[in-house]
Each structure stands twice: as C-alpha cells, then as structure tokens.
Amino acid sequence: MASKAPRHDMPCQDPIVRGKNFSEVALGYTVETAAEEAKRCIQCKKPKCVEGCPVGVDIPQFINKIAEGEHLEAASILKGKNTLPAICGRVCPQESQCEAQCILGVKGEPVAIGRLERFAADYEMANGTSKLEKATPSGKKVAVIGAGPAGLTCAAELARKGHAVTVLEALHVAGGVLMYGIPEFRLPKAIVQKEINSLKDMGVEILVNQVVGKVTSVQELLANGYDAVFIGTGAGLPYFMKIPGENYNGVYSANEFLTRSNLMKAYDFPNHATPIKVGEQVAVLGGGNVAMDAARTALRLGAKDVYIVYRRSMTELPARVEEVHHAEEEGIQFKILTNPIAINGDENGNVKSMTCLKYELGEPDASGRRRPVAIEGSEFELPVQTVVVSIGQGPNPLVTTTTAGLELNKWGNIVADETTMATSIPGVYAGGDIVTGAATVILAMGAGKTAAASIDAHLMTN
Amino acid sequence: MYKVVKRRQLADIITLLEVEAPEVAKKAQPGEFVIVRQNEESERIPLTIMDFNRDKGTITIVIQEVGYSSNLITRMQEGDSFVTFVGPLGQATEMENYGTVLCIGGGVGIAPVHPIARGLKEAGNKVISILGARTKDLLILEDEMRAVSNEVVITTDDGTYGMKGFVTHGIQSVLDQGIKVDAIWAIGPVVMMKSVANFTRPLGIKTIVSMNPVMVDGTGMCGACRLDVGGETKFACVDGPEFDGHKVDFDLAMKRSAFFKNEEAVAYGKVKCQCAKEGK
C-alpha cells in the first residue's frame with residue numbers, strides 16, 4: 001500500500017505575516033494530506049523507527065490507522081506509549097530520532113512521523129471524547145517534583161499503574177519549559193494545557209505554587225506518607241557570559257525573556273500586565289533551540305534587526321535544522337564566528353552596543369567540534385539595545401541543596417542510575433534535565449517513563 | 001486561591017492585608033518574601049513578609065500603591081483572593097545575639113523590618129528601631145514596632161512628627177548618646193538604604209539591607225533580579241534579598257529598577273482610567 005509520493009510538506013504561515021504574530025507557524029496536515037503521507041509508510045515487519053523513539057511508540061501501527069481513516073484509533077495507539085503526543089509531534093527532533101531510522105530515508109525522504117503524530121493527536125483533541133480509564137488503586141502514593149515533561153510523563157505512567165500521584169510545581173501553571181520556554185508560535189499553550197488536563201482526568205493531582213525546597217522538602221514528603229519521590233526539576237538556572245556590562249538594562253537571560261513572553265504573555269501587554277521591551281537591534285547569544293526561540297520572539301515583539309551571535313559556524317549550530325530554516329525565512333541574521341567580549345551601556349545604564357571579536361575554526365576540541373579561535377585585531381562594535389543571553393542552563397539548586405544525602409555531580413546535576421533512575425536516596429528517583437543537563441523534551445519524557453517503571457517495581461516489592 | 005481575611009488602611013496609599021496561605025505560614029521566617037499575582041492577567045510581584053501566624057495559617061503583607069499592580073492589590077477587600085501567593089522565598093534573616101542592633105524602616109519598609117526586629121529581640125538583642133517617613137501621615141506601624149523594640153526613634157522629612165530629617169539623622173542621634181551599635185538592618189527605598197550604607201561604612205558598623213529589584217519567578221530561574229554585590233552578580237531572590245549594604249552597587253540597582261518605567265506608566269494609566277470610569 002506504500003505510495004511512491006514524495007514526503008508531504010508541512011503547510012506554514014507566510015514568513016512575512018507570521019513575523020508579526022504569535023500564532024502557530026506550522027499549520028498541520030489536513031485529513032487528506034495525512035492519509036497520503038501515512039500511505040508512504042511501508043509497514044516494516046521489524047520497524048527501526050520504533051527503536052529511534054525514546055518512549056517506543058508503535059509507529060507503523062498508528063500510521064496504518066491514519067491511512068485507514070481511523071484517526072481516533074491512531075491517537076489511542078499513540079497514547080498507549082506517549083501521554084503527550086500533541087506536544088511531541090511538535091517539538092521532538094524527529095530527524096535525529098524516529099525519522100532518522102526510517103528505511104525510506106536511506107534512498108529518499110523518511111515518513112513524516114512527527115507530523116502524523118501531531119495530526120492524530122490534534123484530531124483526537126478536536127473530535128475525540130474518549131477519556132482514559134482510571135486504574136485500580138494500588139494504595140501507594142508518589143510525589144513528583146516539577147511539572148515539566150519528565151515529571152508529567154512519570155506521573156501519567158504511575159497513574160496508569162493505579163498509584164496516587166501528586167505533582168508539585170513551583171510556577172503558577174504546570175508544563176515547565178512547555179509553558180515558559182517554548183514559544184506559542186511553536187507550541188500553543190492551549191494545547192499544552194489540554195494535554196495536561198487529560199492527565200488530571202487520569203487522577204493525577206497537580207498542585208501549583210509549590211516551591212519544594214522552601215515550602216516542603218524531599219524528606220518531609222517521604223515522612224508525610226509518600227512512598228516514593230520523583231525529582232524532575234529541570235535545568236532552570238540561567239548561565240551568563242561573565243563579561244563586562246552584563247547587568248546593563250536590556251540584557252536578559254533567555255529564561256527571563258521567554259518567561260515574560262510565553263508564561264506571562266508579555267507580548268499581549270498591557271492586556272497582560274507583565275512588560276517586555278526590545279530595541280530595534282537585538283543580539284541573541286548562542287546557537288541552540290532556545291536561542292532560535294528568543295530571536296524569533298524578539299522579531300515578533302517588533303525588533304528590526306535580530307542577530308544570532310554564535311562563535312562557531314553554521315554547521316555546528318546545535319539548533320534543529322527546521323528551526324534555523326524558519327528563523328532564516330523570517331529574516332533573523334546569523335552573525336557566526338563572532339563572540340562578544342563586552343556589553344557597552346549609556347549613562348542611564350541601558351545597552352547601546354556589544355564589542356565583539358571574529359573567530360576562525362581551529363582543531364577539534366574534546367566535544368569533537370572544531371574549537372573557535374579569536375582572530376587577532378578583529379575587534380568590532382555591534383550596535384544593539386537588547387541582548388538575550390542563551391548559552392545554556394544549569395540545574396536549579398533549590399531542591400538539590402535542601403535534600404541531605406542526595407549525590408550530585410560536579411555540575412550540580414543529580415547522579416541517577418542510567419537504567420532505573422534511582423538516586424543515592426532509597427525511594428527517590430530523578431530524571432530529565434536535572435540529571436542530564438539541558439537536553440530535549442522527549443528525552444526527559446523517556447527518563448520519566450523509565451523512572452515510573454522502576455518506581456512501580458519498587459512500590460510493589462516494598 | 002488565597003483569601004484576604006483582614007484589611008487595614010495604614011496610611012493614605014499604604015494597605016495591610018492578612019492573607020490565608022497556610023503552607024507559606026507554616027514555614028515563613030523573617031526576611032523572606034512571597035510572590036503574588038492578583039488575577040490571571042497580573043504580573044508576578046515580590047512582597048516581603050510583614051508577619052505570619054502559623055495557627056491561623058495567614059501571612060501579612062503591607063503594600064504601598066506605586067503603580068498598576070500595587071493599585072490592584074491595595075484595592076482588594078476582605079473576601080477577595082489572590083490567584084498566586086507563593087513562598088516563603090529567599091534567605092531568612094540570620095538571627096543571633098549581636099548585642100545592640102538598629103532596625104531601620106523607611107516608609108513602607110517599616111513593615112518588613114517588623115518581624116526582623118521581633119526576631120532579633122527574641123534572640124536577646126537590644127533593639128533600637130528608627131522609623132522614617134516623609135511626613136507624619138505616612139508613618140505606619142508605630143505601635144507594632146514599639147512592641148518589639150527597646151527604643152523607637154522617629155524621623156520625618158518635614159519634621160511633622162519626631163525628629164526632623166532622615167533616618168541617618170536618627171542613627172546619628174543614637175550614636176550621640178554613646179551607644180555602641182553592633183549591627184544594623186535597613187529596609188526602605190533604595191536611596192535610603194544607600195545613604196544608610198554610606199553613613200555606616202566609615203564607621204565599620206555591619207549593615208544589612210533588603211533589596212527589592214524587579215522579579216519574575218522568584219526562584220532563581222531567570223536572573224531578572226540580579227544585583228552586583230562586591231563585584232559579583234547575585235540573584236536577590238535566592239541569594240538574598242538581604243545583603244551586606246557596604247557591598248551592594250545601589251546605583252546599578254536603581255538604574256535596573258527604572259528599566260520598565262515607561263511600560264509601568266502605560267499600565268498604571270490604564271487602571272487609573274478604569275477607576276475614574278467606575279468612580280472609585
């Protein structure tokens with residue numbers, strides 16, 4: 001039944017139009033396109049795509065249902081392995097996961113698995129009425145700290161097993177980076193909240209405004225009736241460059257910039273009360289997905305020139321190819337092999353420029369990437385009024401420093417067993433960015449799922 | 001939802017609210033703060049804790065109307081609720097017996113000084129409180145401060161009550177009595193804390209200030225509240241809000257606080273316009 005048709009493009013908003021709004025860029029497949037794309041799948045007997053998926057979704061099966069027009073069935077198959085398919089279909093780097101393994105990719109283009117996942121999940125959200133059935137209560141209680149991708153996935157998996165799960169979230173809404181980090185134009189917040197509501201339907205209790213480490217502690221949770229604890233607090237500590245002028249007005253961490261815009265909806269100021277301010281020229285420091293999100297947000301907030309300032313070359317950019325492509329289409333300017341050495345301000349303490357150096361690539365470093373080397377005498381000044389620092393995040397220490405006996409590595413990440421996610425404290429598990437450092441949504445979900453399996457085993461034997 | 005159970009107008013534009021927040025009340029310590037949102041469209045703003053009642057499960061805050069969000073909050077009535085009231089956040093005051101301490105509150109800053117003075121007195125210190133206000137009508141919490149202090153000195157800028165002048169004049173008057181001061185807590189407008197720090201630096205008296213920069217999350221994830229303290233960048237929400245006043249770069253702090261001035265005026269204008277229409 002496989003068709004020889006080429007891979008179907010994702011319809012998108014026009015770049016000129018979308019540069020001025022926060023609506024979703026990718027519009028999603030229609031029923032017809034989805035069916036045609038689904039028919040490209042050759043239904044391998046030993047599907048390699050499944051091996052490429054961190055949560056092991058039964059990919060050929062759900063795609064087959066789409067080809068047959070059984071969209072709700074497709075969604076139900078997806079949800080058997082992945083609780084948050086509308087999110088994963090949008091933000092997973094499929095090109096390095098499921099789609100990288102697709103056999104059609106050897107000679108041509110792989111099946112658009114991510115787009116089909118998104119289609120089925122969206123279809124179910126719009127037309128489905130099915131609610132997940134509640135499992136038989138096990139009588140065991142688990143506390144999950146952090147309502148990001150790792151915590152939510154762990155909570156859902158535990159609820160499926162009948163355990164009573166309480167998720168404790170520090171911010172005023174659940175979702176973690178899905179709410180404060182990834183912009184509306186890539187991941188609509190209403191969709192995130194709908195997927196989280198389906199968890200609540202399963203019986204997961206989500207408590208917001210709970211800063212663990214301050215209002216309660218891991219030890220207190222264990223002493224107060226929880227049989228196990230999962231820590232999924234993420235990588236929420238922004239790194240700065242530690243260059244002169246970094247505290248001038250107009251210098252934001254990407255976390256602050258994106259939190260204001262996404263979580264607090266500052267793009268809708270003054271209807272939402274949180275302000276945000278960008279100058280005509282904006283520099284975003286860094287080359288990851290967060291940097292692309294910040295740059296594209298700055299553009300939508302009205303900046304004229306938005307620069308990605310990155311010290312390596314285009315081939316080393318850590319951001320997804322699709323995100324770089326979207327950014328280029330929207331007019332984001334890439335100042336590669338460039339790095340600032342100082343941020344300069346005016347008499348009021350506002351940013352007016354950055355002093356930068358040009359770089360060339362030298363020998364590969366420990367990470368295997370060619371090391372950028374500053375070119376002598378290449379110093380130049382780049383006029384900017386806003387700088388967004390997006391060079392990575394570390395583990396937020398609020399929970400880890402208030403939990404006695406919790407083993408950490410030298411970067412402050414929690415040391416957890418790779419196969420069980422168990423920490424140095426019995427009954428306490430951890431997963432996602434708090435263990436690995438800043439990584440991807442789907443890897444965090446995979447860790448949450450693995451941890452849930454070992455928590456379940458722990459609960460049933462203790 | 002976090003319900004206002006008591007409201008008291010302390011001065012024309014200064015309001016006290018006692019808010020139901022049992023989990024916060026259970027853990028709150030002097031020196032800590034909460035982050036609040038009044039409604040679903042509100043921004044998150046930090047407010048230092050003025051008092052806590054563990055039995056009733058309430059936190060008391062005092063807020064002065066300075067802009068949009070504080071306008072919304074000072075207009076709240078008993079029975080109204082905050083949608084977010086999260087805490088306790090930040091580092092608690094280091095309570096020990098220092099000897100003789102000055103607890104200095106300027107304007108609405110008298111409120112957060114209150115639990116610190118009480119704690120320091122309970123820790124065995126001799127507490128001399130210096131309360132400063134622009135004018136008599138703006139002086140708040142005098143009785144409450146007297147109840148937790150061994151002595152109280154009052155200063156008003158215009159001399160309408162107590163000593164005429166600033167809180168630094170109050171400090172001088174204490175020193176003039178030959179009293180040896182071992183430590184000072186000073187909370188108020190940044191200009192006031194700066195002048196106290198400048199006054200005590202040559203005297204070598206340990207001076208702690210409580211900074212109130214712009215915050216968003218209040219849990220260390222964004223750095224909006226960063227300050228320069230002794231040449232190092234600190235996040236006030238997790239490393240503070242109390243810092244050694246002799247090390248804080250107050251000028252930078254003031255410039256950073258002014259960054260959103262225009263946007264704040266736009267939002268404030270919006271709410272004032274609404275109030276005028278509603279005849280409030």
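Start at the hairpin made by E10 and E11 of chain A: five residues sit between the two strands, and if you click on Gly349(A) you'll find a positive phi near 80°. Keep in mind as you go that this is a predicted model.

Now select the strands on either side of that turn. E10 covers residues 338-345 of chain A and E11 covers residues 351-364; they run antiparallel and are joined by seven bridges. To see one facing pair, pick Ala342(A) and look across to Thr355(A) in E11(A).

Stay on E11(A), since there's another hairpin to visit. Which residue in the turn between E11(A) and E12(A) has a positive phi? That's Gly368(A), at about 90°, in a turn with five residues between the strands. Strand E12 of chain A takes in residues 370-374, and four bridges tie it to E11(A), again antiparallel. Show Leu361(A) here and you'll see Pro372(A) of E12(A) standing opposite.

E11(A) also pairs with strand E13, residues 380-383 of chain A, in the antiparallel sense and over four bridges. For a spot to zoom in on, take Ser353(A), whose bridge partner in E13(A) is Pro383(A).

**Over to the parallel sheet**

Next, colour E6, E14, E7, E8 and E9 of chain A. In that order, these five strands form an open sheet with parallel pairing. Strands E6 (251-253) and E9 (333-336) are at the edges; each has a single partner strand, so one side of each is left without a neighbour in the sheet. Turn the view and follow the twist, which averages 20° from one strand to the next.

At the E9(A) end, select E8(A), residues 305-310: four bridges pair E8(A) with E9(A) in the parallel sense. Try Ile308(A) here, and you'll find its bridge partner Phe334(A) in E9(A).

At the other end, bring up helix H14, residues 254-263 of chain A. H14(A) lies across E6(A) and strand E14 (386-389), and runs at about 85° to E6(A).

**Where chain A meets chain B**

Switch on chain B. How many residues does each chain bring to the contact? Chain A gives 43 residues and chain B gives 42. About 3,600 Å² is buried between the two chains, with carbon and sulfur atoms giving 57% of that area. Highlight Lys214(A), Asn247(A) and Lys277(A): they supply 19% of the area that chain A buries against chain B, more than any other three residues.

Keep Lys277(A) selected and add Glu263(B). Their side chains meet in a salt bridge, with N and O 3.5 Å apart. Trace each end of this cross-chain pair: Glu263(B) belongs to helix H9 (residues 261-278) of chain B, while Lys277(A) is in the loop between H14 and strand E7 (281-285) of chain A. Three salt bridges are found across this interface, and 36 over all chains of the whole structure.

If you look for polar contacts between chain A and chain B, there are 18 residue pairs to find (both residues at pLDDT 80 or more). Now select the elements of chain A that give two or more residues to the side touching chain B: strand E5 (237-238), E6 and H14. H14(A) has the largest share, with four residues. To finish, colour this side of chain A by residue type: 18 residues are nonpolar, 18 are polar and seven are charged.

Notes. Residues numbered from 1 in each chain as written. Chains lettered and ligands numbered in written order. Predicted model: local features only at pLDDT ≥ 70, side-chain atom pairs only at ≥ 80, totals over all residues. Heavy atoms only, no water. Pairing = 2+ DSSP bridges. Axes fitted to C-alpha atoms, helices over the stretch in contact; angles between N-to-C directions. Contact = heavy atoms within 4.5 Å. Buried area = accessible area lost by both parts, 1.4 Å probe. Salt bridge = Lys/Arg side-chain N within 4 Å of Asp/Glu carboxyl O. Polar contact = N/O pair within 3.5 Å; in protein donor to acceptor, adjacent residues only side chain to side chain. Nonpolar A, V, L, I, M, F, W, Y, C, P; charged D, E, K, R; others polar.
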